Every structure is written in C-alpha cells, then in structure tokens.
Amino acid sequence: MLNPLIDPFGRKIKYVRISVTDRCDLRCTYCMPEGFKDYREPDNWLKFDEIIRLTGILSQLGTQRIRLTGGEPLLRKNLPDLVAGIASQGIQDISLSTNATRLPRFAQALKQAGLKRVNISLDSLKRDRVEKICGRDVLPQVIAGIDAALEAGLGPVKLNMVVMPGTNDDEIEDMFNFCHDRGLVFRMIETMPMGHTAIEAGHVSLQPILENLKKNHGLIPTIVEMGGGPARYWQTPDGKGQVGVITPISEHFCETCNRVRLAVDGTIYLCLGQEEKIEMRDLLRAHADDETIIAALRQGIHLKPERHEFKESPEKIVRFMSQTGG
Ligand code: SAM
Ligand code: SF4
C-alpha cells in the first residue's frame, strides 16, 4: 500500500464513483432533460481495461469503495465483466446506482461478478407521475428490477427519491411504507441545481420531512455504518424500517467528502458542483507507467475544492448530473 491520496484539507480519498456511460433510457427532469443530446463520443469513453487499471492504482492509494453509475450504467455492454475486473483489483465494496429498468436481466450476473449492492432511483409510486418525471412509463419495470435485486442478494437495496415540491413531496409516507414492507432502505435526496431543469424541479428542505417521519414512526439514529457516503440514517425501533437523508443544500457534508468522480471520458471531477478536474485518458492511452499516473493523481488532488456552492450560487451550473456521474 502506498501513501494515501489526501487533498489539501486533509480528506483521504477512499471512494470513487465511476460513470460508465452518459447515456440513459430515461429522461428524469432534474438530471437529463428531454431532447438532451450532448453525448460524448464512444471513442473517448474509457475502455474496461483502462478503468480496471486505474481502479487498481487507486486501490493502492487507499480507495476502498467503487460505485458504478452514469447515465444508466446497465446500458453499457458487458457490465458484469467490468465488475469482475474491478473486484480482481482488490476492491471489496463494489456497488451500482441504477434506474433498475434492466435489473431483471442483469442482477444475477452482476452478483456473480462481485457486485455487492445496488441503489435504485424511484421518485414516485404513481405510474403516471413516474412517466412525467422520467419521461417513460416504467414503474412496473422498476418494481420488477427491485425484486430482481432482492432475489439476487444485492442488498441492502437502497431506494433513492429526489424530493421535489408539488411533484412528489406528498408521497413520503407511501414511499416509507413501500420500502419498509420490502426491506429497502428509503433515502430522500434534495435536488441539486445541476442544469436548468434541476433548478425548475425545485428544492425542498428535508429537515422538516425527516422530523415528521421521526415523529410518526419513532425513528432513532442508526449507529451501524451504512455505506460510507453522505447520507445520515435513522431506523424504526425494530430496525426493519431504515431512512437516510442526503441534504447537499440544507446541510452540506463537504467537510467529510472522501470521494472523486471518474467520468466516462476519463476526466476525474473533484467536486460535483465545481469545475476542478484531472484528465486521465491521454495518460492511460499513452500507456504511461504507474509512477506517472500516481504523480498525476497526487498533483491533481491538490485542486480539490473545499466545498460546493449549491446554496450560495444555485445558478452556477457546471454540468448536468448525467455528465458527471451521480
Ligand atoms: N441512472 C442511475 C440512477 O438513476 O440511479 C444512475 C445515475 S443517476 C445520475 C444517480 C443518482 O443521481 C440518482 O439517484 C438520481 O436521482 C440522482 N440525481 C440526478 N440528478 C440529480 C439532481 N439534480 N439532484 C439530486 N440528485 C440527482
Ligand atoms: Fe437516467 Fe438516472 Fe439521470 Fe434518471 S437519474 S435520467 S435514470 S441517469
């Protein structure tokens, strides 16, 4: 093990989110608006062997967790091969963020390849609302995907709901009960201002919503660590109902940020809401040796900003979420 990758604020990088595509079969209003066509050319996409090599190097520098994301990662061909390759680099905790439409087809193969767990996006339990939010009538497919994940043992399965005012904020209790009944961890997310439609989707502070859930269900804070991310968790007294909140706006968590994001074109973004980045593709394509790649990572990590400014400057749009890898 080499000296860890540490940013100028003393934060160790232990978690890397890897976007394997910027394409998606859905068009969630807050992420990838209808008509969005700014796709990068597949020639520029990192190949699996390039991603696997980079994860091996990052693992030597202290990365313990990898999450595959996108766009919709299950649109990338042969994704289980990438999971197996990353697992071969000594990364134990490999997870996936997905809209679940293709999970019925891939859940078992992903599990066999070494995937540990999945996060699934679902913003409503009303079929017409799901269609309105994400542009396609996919609620039955998503529910089949959730069932496939549970059956394959890809747990704990976390269900991510972006809570939007006047769109789905009346469904909190229904979502809580749906997750409780199926043994899913229910996570609510505040909309981040990444693109004009995300701003139009609006933002609700999750603090009062959480207070209501605590009161209605007697929730108590969860002590066990639940994935090393920014969510804070509560649970029902019997431990069967679990709730997490991700509050980038009302209470940001940048001081504990331990992550970077590798986009599909080989750019490492150092913060969701800022421009600073490290370009890796040319080095990988030039077959640079490990020392050169490590030096680029160590030099680049010095650019990691202290925090995002979503609250102070919501109009400062850096990228759509689907471009960075959420
Ligand atoms: N397609 C996969 C999915 O939907 O889970 C993975 C990529 S998606 C960008 C990852 C997560 O980012 C999803 O949970 C999605 O709801 C969330 N997300 C996208 N845009 C967002 C925004 N503007 N604010 C907050 N969360 C957002
Ligand atoms: Fe696609 Fe996920 Fe973005 Fe929705 S949130 S458009 S499913 S990438």
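**Close-up views of a predicted model**

**Figure 1. Strands β10 and β11 pair in the antiparallel sense.** In this predicted model, β10 covers residues 259-262 and β11 covers residues 267-269, with two bridges between them. Leu262 faces Ile268 of β11, and Arg261 has Tyr269 as its bridge partner in β11. The two strands make a hairpin with four residues between them. Gly266, in the turn, has a positive phi of about 90 degrees.

**Figure 2. Strand β10 is covered on both faces.** Arg259 and Arg261 lie on one side of β10, and Val260 and Leu262 lie on the other. These four residues are all buried. In a regular strand, side chains alternate between the two faces of the sheet. Strand β10 also runs parallel to β1, to which four bridges join it. In that pairing, Arg17 stands opposite Arg261 of β10.

**Figure 3. Twelve strands make up an open sheet with mixed pairing.** The strand order is β7-β8-β9-β6-β5-β4-β3-β2-β1-β10-β11-β12. The edges are β7 (220-221) and β12 (277-279); each has a single partner strand, so one side of each lacks a neighbour in the sheet. Strands of a sheet pair through backbone hydrogen bonds, in either the parallel or the antiparallel sense.

**Figure 4. Helix α5 lies across β4 and β5.** The helix comprises residues 139-152, and the strands comprise residues 117-121 for β4 and 158-163 for β5. The angle between α5 and β4 is about 165 degrees.

**Figure 5. Asp25 is a buried residue in the loop between β1 and α1.** The loop that holds Asp25 connects β1 (15-19) with α1 (48-60). The relative accessibility of Asp25 is 17%, and this residue therefore counts as buried, the limit being under 20%. Its side chain makes a polar contact with the side chain of Asn99 at 2.9 Å. A further polar contact, at 2.6 Å, links the side chains of Asp25 and Thr101. Leaving aside neighbours within four places in sequence, the residues in contact with Asp25 are Glu72, Leu75, Asn99, Thr101, Arg102 and Arg136.

**Figure 6. Glu50 is a buried residue of helix α1.** Glu50 has a relative accessible area of 11%. Not counting residues up to four places away in sequence, Glu50 touches Trp45, Leu284 and Arg285.

**Figure 7. Ligand 1 is surrounded by 19 residues.** Of these, Tyr30, Gly71, Glu72, Ser121 and Met192 come nearest. A polar backbone atom of Tyr30 is 3.1 Å from a nitrogen atom of ligand 1. A nitrogen atom of the ligand also lies 2.8 Å from a backbone N or O atom of Met192. Asn160 places a polar side-chain atom 3.4 Å from an oxygen atom of ligand 1.

**Figure 8. The shell around ligand 2 contains no charged residues.** The surrounding residues are Cys24, Leu26, Cys28, Cys31, Met32, Gly71 and Asn99. By class, five are nonpolar and two are polar. Asn99, a member of this shell, is also the residue whose side chain makes the 2.9 Å polar contact with the side chain of Asp25. Gly71, likewise part of the shell around ligand 2, is among the residues that come nearest to ligand 1.

Note on methods
Residues are numbered from 1 along each chain as its sequence is written. Chains are lettered from A and ligands numbered from 1 in the order in which they are written. This is a predicted model: local features need pLDDT of at least 70, side-chain atom pairs count only at pLDDT 80 or more; totals for chains, interfaces and linings use all residues. Side-chain values use heavy atoms; hydrogens and water are left out. A residue is near a molecule or strand if one of its heavy atoms lies within 4 Å of it. Ala, Val, Leu, Ile, Met, Phe, Trp, Tyr, Cys and Pro count as nonpolar, Asp, Glu, Lys and Arg as charged, and the others, Gly among them, as polar. Two strands pair if DSSP finds at least two bridges between them. Contact means heavy atoms within 4.5 Å. Axes are lines fitted to C-alpha atoms, for helices over the stretch in contact, and angles run from 0 to 180 degrees between N-to-C directions. Buried means under 20% relative accessible area, exposed over 50%, partly exposed in between (1.4 Å probe, protein chains only). A polar contact is a pair of N or O atoms within 3.5 Å; within protein, one must be able to donate a hydrogen and the other to accept it, and residues adjacent in sequence count only if both atoms are side-chain atoms.
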